[in-house]
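The report below reads through one protein model, beginning with charged pairs and moving on to strands, cores and surface. The sequence and the structure come first.

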Amino acid sequence: MRGYSKLIAVHLKLAMRERIAIFFNYVFPLIFFFGFGQALGAGRGGAVTQVVTMVLVIGILGNGLFGGGIRAVQDREQNILRRYKVAPISPLPLLVASIATGWALYLPAVVLTVGLARVVYGMPLPHAWLSLLVLVSVGVIAFRAVGLIIAAVANSAQESQILVQLVYLPMLFLTGATIPLAMLPAWAQQVAQFLPGTHLVTGLNGVMMRGESALEHWQPVVVLLVTAVVATFISMQLFRWEKGEKLRTSAKLWLAAVVVPSLLLGGYQTVTRQQIKKTHVLYRDMMRNQNVLVRNARIYAVEGASGGSAVIESGWVLMRSGRIVSVVEGVAPDALAESADVIDAAGRTLLPGLIDARVELTASGGPFEQSPPPAVEESARHALASYLYCGVTAVRTVLPLPPPLERLKAALESGEVLGAEIFTCDAKGGAGCEPYEARAAISKIQAGEPYVPALAAVEGMVYFYARDPGLLDLPLVRQAVPAGLLAGTRRMLQTAAPLARGEWRRWLGQHSDALVRAQGAGAVLVAGSGAGSPLVFHGPSLQRELALWMKTGIAPATALRAATWNAAVLLGASDRMGAIRPGYEANLILVDGDPLNDVTALERIAEVIFKGERLDREALLKE
């Protein structure tokens, strides 16, 4: 052991004298630190942990591939290794000393990077320090060992640089080290599963963002450790003491063994998609942890149980880590604007995310599905994305969820999939869960009882029986509903003969009258569209429901309360949604105009914020 320790000490002294070692371990990563920090907006909160992970991985790659892959070749060309051979000494101590030197050189860079993130961007210090150290150490050891293989097969320093770049560049751009993996095309995400750097990025993100332990990432840890052992062994087999020494042809076959662990894990991940799912969850966490400031907005806050509605004519709302932090009247301080993603909402109204208390996710809204029909999970996934596109952040489905939709619900809750939150009717049913006939026959409505009229579903049946495509041409419907579904529905309506619709016309009148009676009796009105019924499509259905309320004489303020606070109470979620107040989830919709005077303003959507994340509405419908 004394021989190993002396070699390590010598290597450390020599490395500290080399400018290239100092540059790649300390200066080079800091260039990326400030560059990524500026590009990703690390000062706004959420991206800073992603920046730290990217910088650490770039440093690990540079330490291992450049430090191990080029330095050993230089030692061979300068006949330094030949002197060790005369000593005499075997290759193993030299290889171990190189790996240990790389590890010891890089640890201060980890402390420096995390410290700068804390000082410059205010990042909380990692809770799982030990797990961070384990993952960094395993990464350094594995890539240092891979670098030593490159050194063994390269015949010159120039050739080693070429070989290092061939390994380094794919690791740099396809693993999430420079571009978040979730932003890459699907094919690139699949290819990335076969690169060891990808699993290192995901593991470090999990530790930094979620405080996960190294044990939760045991698969990549094991693969990197096996890679380190195999690469060290291969380096021994290929080791050359002198630059004129020829590499045995049979020894080159050992090179195939170093990629086997990564190929096995990549194949497993391709089948299970666990790593890709985790990547998307972590990316969602990053987006939701951003600081977002909406300023100069008219704010419809809702006072909750008091029965009124708080309207701030001009104020600001600050969101952090997916929650509302402040709701204040007046002008936002400049200091907040500097550390947040700012939305200037002049002339616009900010409301709580809308809630549809009656939908049927297992139906599409068209009498016939597209040809071929999509799987129920695919159809529901698009439906829930359409709801977010239209500012509806939560829905309650009437029918029990089949297993595919239970899986989808779990994916939504984890952040793997983006869509409106799903609630379900309980076994006892309740308001909005009963059949239309039962609600149409209501003769006595009690004060304080919730009432969900679902006028849009009844109107849809009127148009359906008349074979009238008028509902298909509503602007928000054309934006949010799949073109194939609309086209198929239109063809069916054009070719089928009209049916008697008098009964449904009477039902629409009965439901409209019941809504007016319910309000007069003091019932708690709750908005639910019945989306999934014929010609009532998922996404824009709630806006249509509220427009029908206006025709009965219901005031816009009453309708908005029914689609926010009252719906949240019915769903048992009024402690976290349905209002704009500190501590609540940052589920918000920003619209042009004032829906308190003109409810059609709900169709003029400027921004949708879901759990603190500003959504790209157009991208929602493409996923």
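## Salt bridges

R490 and D473 form a salt bridge in which the closest N and O atoms are 2.9 Å apart. R490 belongs to helix α19 (residues 483-495), while D473 sits in the loop between α17 (455-466) and α18 (475-480), so the pair ties together parts that are 17 residues apart in sequence. R490 counts as partly exposed, at 25% relative accessibility, and D473 is likewise partly exposed, with a relative accessible area of 38%. The model is a predicted one, and these values, like those that follow, are computed from it.

A search of the whole structure finds 17 salt bridges, and the table lists some of them.

| Basic residue | Acidic residue | Closest N and O atoms |
|---|---|---|
| R490 | D473 | 2.9 Å |
| R298 | E313 | 3.5 Å |
| R576 | E585 | 2.8 Å |

The salt bridge of R298 with E313 links distant parts of the chain, since R298 is in strand β1 and E313 in strand β2 (residues 311-320), 15 residues apart. The acidic partner, E313, is exposed, with a relative accessible area of 52%. Are the partners R576 and E585 buried or exposed? R576 is buried, and E585 is buried too, although the two form a salt bridge with their closest N and O atoms 2.8 Å apart. Salt bridges that share partners also join R284, R288 and E613 into one network.

## Strands

R298, already met as a salt-bridge partner of E313, also has a place in strand pairing, where R298 stands opposite T349 in β5. Strand β1 (residues 292-300) and β5 pair in the parallel sense, over two bridges. With strand β11 (residues 588-592), by contrast, β5 pairs in the antiparallel sense, over five bridges, and within that pairing P352 stands opposite L588 in β11. How many of the five residues of β5 (residues 348-352) are buried? Four of the five are, so the strand is largely enclosed by the rest of the structure.

Strand β6 (residues 354-359) is mostly covered as well, with six of its six residues buried. Four bridges join β6 to strand β7 (residues 392-397), and the two strands run parallel; one of the contacts in register is that of D356, whose bridge partner in β7 is V395.

## Nonpolar cores

The largest nonpolar core has 80 residues, and those that touch the most other members are M319, L384 and W549. Helix α14 (residues 376-389) gives this core its largest share, seven residues. Leaving aside residues up to four places away in sequence, L384 touches L361, V395, L408, L412, G419, A420 and I422; of these, V395 has been named above as the bridge partner of D356. Another core, of 67 residues, lies apart from it and includes I70, L172, A177 and M208.

W549, one of the three residues that touch the most other members of the largest core, is also among the buried residues of helix α21. Nine of the eleven residues of α21 (residues 541-551) are buried, so this helix is largely enclosed by the rest of the structure. The buried set consists of S541, L542, Q543, R544, E545, L546, A547, L548 and W549, and it therefore holds polar and charged residue types such as Q543, R544 and E545 alongside nonpolar ones. Just after α21, G553 takes a positive phi of about 100 degrees.

## Surface and overall make-up

F194, V259, V260, L263 and L264 make a nonpolar surface patch of about 430 Å². One of these residues, L264, has its place in helix α11 (residues 260-272) and is exposed, with a relative accessible area of 61%. The protein as a whole exposes about 25,600 Å², of which carbon and sulfur atoms supply 60%.

The secondary structure of the protein comes to 24 helices and 13 strands, and buried residues make up 55% of its 623 residues. Among contacts with a separation of 6 or more, 77% are accounted for by residues 24 or more positions apart.

Methods
Residues numbered from 1 in each chain as written. Predicted model: local features only at pLDDT ≥ 70, side-chain atom pairs only at ≥ 80, totals over all residues. Heavy atoms only, no water. Buried < 20%, exposed > 50% of the residue type's maximum accessible area, 1.4 Å probe, protein only. Patch = residues over 30% accessible without salt bridge, like charges linked within 9 Å, V, L, I, M, F, W, Y side chains within 5 Å. Areas by Shrake-Rupley, 256 points an atom, 1.4 Å probe, with all protein chains shown as cover. Salt bridge = Lys/Arg side-chain N within 4 Å of Asp/Glu carboxyl O. Pairing = 2+ DSSP bridges. Core = buried A, V, L, I, M, F, W, Y, C linked by side-chain atoms within 4.5 Å. Contact = heavy atoms within 4.5 Å.
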